[in-house]
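Work through the exercises below with the structure open beside you. Try each task before you read its solution.

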Amino acid sequence: MVQRITSRNARFQQWQSLLSNRNKRQRAGEFLVQGVRPISIAVQRGWPVLTLVHSTERPLSRWAEDLLRDAGAERVAMDPRLLAELGEKNEAAPEVVAVVRMPPDDLSRIDAGSDFLGVLFDRPSGPGNIGTVIRSADAFGADGLIVTGHAADVYDPKSVRASTGSLFALPAVRVPSHREVVQWLEARRARGLDIAVVGTDEGGEAELFDADLTGPVLLLVGNETKGLSAAWRELCDRTVRIPMAGSASSLNAAGAATAVLYEVSRQRIAAARAAGRN
């Protein structure tokens, strides 16, 4: 059965509020996803897709037909002008918008093995930066992202779009402060997993290329303007800086995270190749 929505009824208004109101997203435990790749990855990775919304007028592509048949979600046909608002597009409406349930903010979602690589983003203010860091962390083989403190929302539409689907492939967990992460680290260290906490800072004690990042590591990335909090600086086992050339004195938070993640990946690939030759 297909429900039809052709006016700004209560349900449309509820979904529209998920785009701009973090508190309503959190209370509902739901967020909106736009785009073929993100929706496809969400379904492939088993995220609970509650509703799929499509146009009352536009013919469906093969992708959309397969999605609507196989996803097991409620199906809603919506006036294209309203659908364009949910898709945050000024003109053409997206083919499909998905309503997806949020997972719990539980650090146990992040697996920590002998080759653990995690990223912690301390009080990020830009949701687009969160999504970009999620995308980079996924690309370079990280096990998860932790967002701490008073921060932008992982499930803000700008973050979801910037992640280009990686949000559904990489666990991203929000925690109120450093205390929850310290407990999580201590529990894993008690089991014999020696996770090094490495902070990124333009005044870091060692250059990035000189730091051994082949072991289990949690990389810390600070707020876009203020850097790492004092609490996190005290908890760092060491800090690293990215060598800079030209007139730039620093990279933005997402750019710095991407550079460090690349170097971790490079070091680990090189170490694996060296071990294979011995």
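Buried means under 20% relative accessible area, exposed means over 50%, and partly exposed lies in between. Keep in mind that this is a predicted model.

**Exercise 1. Ser229 and Arg123**

Task: Decide whether Ser229 is buried or exposed. Then place Arg123 on the same scale.

Solution:
- Step 1. Find Ser229 in the loop between strand E11 (217-221) and helix H9 (230-235).
- Step 2. Its relative accessible area is 18%. The cut-off for buried is under 20%, so Ser229 is buried.
- Step 3. Look for its contacts beyond four places in sequence: Ser229 touches Asp122 and Arg123.
- Step 4. Turn to Arg123, in the loop between strand E6 (117-122) and helix H6 (127-139). Its relative accessible area is 22%, so Arg123 is partly exposed.
- Step 5. Check the backbone of Arg123. Its phi is near 55 degrees, a positive value in a residue other than glycine.

**Exercise 2. A buried arginine**

Task: Which side chain of opposite charge is nearest to Arg268, and how far away is it?

Solution:
- Step 1. Locate Arg268 in helix H10 (residues 253-277).
- Step 2. The nearest side chain of opposite charge is Asp115, 5.7 Å away.
- Step 3. A salt bridge needs a side-chain nitrogen within 4 Å of a carboxyl oxygen. Arg268 has no salt bridge, although it is buried.
- Step 4. See what the side chain of Arg268 does reach: the backbone oxygen of Leu213, at 3.2 Å.
- Step 5. List some contacts of Arg268 beyond four places in sequence. Among them are Phe116, Thr214, Pro216 and Val217.

**Exercise 3. Aromatic pairs**

Task: Classify the ring pair of Phe31 and Phe168 as stacked or edge-to-face. Do the same for Trp47 and Phe168.

Solution:
- Step 1. A pair of aromatic rings is described by the distance of the centres and the angle of the planes.
- Step 2. The structure holds six aromatic pairs. In one of them, Phe31 and Phe168 lie 6.2 Å apart, centre to centre, with 10 degrees between the planes. Planes under 30 degrees apart count as stacked, so this pair is stacked.
- Step 3. Place the two residues. Phe31 lies in strand E2 (residues 30-34), and Phe168 in the loop between helix H7 (157-162) and strand E8 (172-175). They are 137 residues apart in sequence, so the pair ties together distant positions in the sequence.
- Step 4. Check burial. Phe31 is buried at 0% relative accessibility, and Phe168 is buried at 3%.
- Step 5. Now take Trp47 and Phe168: 4.8 Å centre to centre, 90 degrees between the planes. Planes over 60 degrees apart count as edge-to-face, so this pair is edge-to-face.
- Step 6. Trp47 sits in the loop between helix H3 (36-44) and strand E3 (49-55), 121 residues from Phe168.
- Step 7. Put the rings together: Phe31, Trp47, Tyr155 and Phe168 form one aromatic cluster.

**Exercise 4. The nonpolar cores**

Task: Which residues of the largest nonpolar core touch the most other members?

Solution:
- Step 1. This core has 50 residues. Phe31, Leu52, Leu145 and Leu167 touch the most other members.
- Step 2. Helix H10 gives the largest share of this core, six residues.
- Step 3. Look at Leu52. Its contacts beyond four places in sequence include Ile39, Leu67, Val76 and Val97.
- Step 4. A second, separate core has 18 residues, including Trp184, Leu218, Leu220 and Cys236.

**Exercise 5. Salt bridges**

Task: Where do the partners Glu85 and Arg8 lie? How are Glu263 and Arg266 spaced in their helix?

Solution:
- Step 1. The structure holds 13 salt bridges. One of them joins Glu85 and Arg8, with the closest N and O atoms 2.3 Å apart.
- Step 2. Glu85 lies in helix H5 (residues 80-86), and Arg8 in the loop between strand E1 (2-5) and helix H1 (10-20). They are 77 residues apart in sequence.
- Step 3. Glu263 and Arg266 also form a salt bridge, at 2.8 Å between the closest N and O atoms. They are three residues apart in helix H10, so about one helical turn separates them.
- Step 4. Compare their accessibility. Glu263 is buried at 2%, whereas Arg266 is partly exposed at 38%.
- Step 5. Finish with a network: salt bridges that share partners join Arg25, Asp105, Asp153 and Arg174.

Definitions and conventions. Residues are numbered from 1 along each chain as its sequence is written. This is a predicted model: local features need pLDDT of at least 70, side-chain atom pairs count only at pLDDT 80 or more; totals for chains, interfaces and linings use all residues. Side-chain values use heavy atoms; hydrogens and water are left out. Helices (H or I, at least four residues) and strands (E, at least two) are DSSP runs, numbered from the N terminus. Buried means under 20% relative accessible area, exposed over 50%, partly exposed in between (1.4 Å probe, protein chains only). Contact means heavy atoms within 4.5 Å. Lys and Arg count as positive and Asp and Glu as negative; His and the chain ends are not counted. A polar contact is a pair of N or O atoms within 3.5 Å; within protein, one must be able to donate a hydrogen and the other to accept it, and residues adjacent in sequence count only if both atoms are side-chain atoms. Rings of Phe, Tyr and Trp (its six-membered ring) pair if their centres lie within 6.5 Å; planes under 30 degrees apart count as stacked, over 60 as edge-to-face and the rest as tilted. A nonpolar core is a set of buried Ala, Val, Leu, Ile, Met, Phe, Trp, Tyr and Cys residues joined through side-chain atoms within 4.5 Å.
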